[in-house]
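Please read the following briefing alongside the sequence and the coordinates. It is arranged by topic, beginning with the surface.

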Amino acid sequence: MLPLFVPGFPELLIAFLKLGFYLVLPILLVVAAYDFLDGKRAYEERITALEQQIRELENGR
């Protein structure tokens, strides 16, 4: 039967938590910022395309 307390487990848990905070969390923040900024650029492109369509429709009358 496995013991309830595994020697070294608390240290491993702390090491994985540090890995998460120092490595994974910053990567997730960078990806989220990139996606947010890319979404803003997509809106600008869409607005520009819509303005161009409006100009074409107004000139067609």
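A nonpolar patch lies on the surface of this predicted model, and its members are Leu12, Phe16, Leu19, Leu23, Val24, Ile27, Leu28 and Val31, which together offer about 760 Å² of accessible area. For the protein as a whole, the accessible surface comes to about 6200 Å², with 71% of that area belonging to carbon and sulfur atoms.

**Exposure**
- Of the 61 residues of the protein, 0% count as buried.
- Leucine 23, one of the residues in the nonpolar patch, has a relative accessible area of 45% and is therefore partly exposed, since that class lies between the 20% limit for buried and the 50% limit for exposed.

**Helix and its geometry**
- The secondary structure of the protein consists of one helix and zero strands, and the helix, α1, covers residues 9-60, with leucine 23 found in it.
- At 1.5 Å a residue, the 52 residues of α1 should span 76 Å, and the computed separation of its end C-alpha atoms, 73 Å, agrees with that expectation.
- Helix α1 is nevertheless not straight throughout, as it bends by about 35° at glycine 20.

Note on methods:
Residues numbered from 1 in each chain as written. Predicted model: local features only at pLDDT ≥ 70, side-chain atom pairs only at ≥ 80, totals over all residues. Heavy atoms only, no water. Helix = DSSP H or I, 4+ residues; strand = E, 2+ residues; numbered from the N terminus. Buried < 20%, exposed > 50% of the residue type's maximum accessible area, 1.4 Å probe, protein only. Areas by Shrake-Rupley, 256 points an atom, 1.4 Å probe, with all protein chains shown as cover. Patch = residues over 30% accessible without salt bridge, like charges linked within 9 Å, V, L, I, M, F, W, Y side chains within 5 Å. Salt bridge = Lys/Arg side-chain N within 4 Å of Asp/Glu carboxyl O. Expected span 1.5 Å × (residues − 1). Bend = angle between axes of the 7 residues up to and from the residue.
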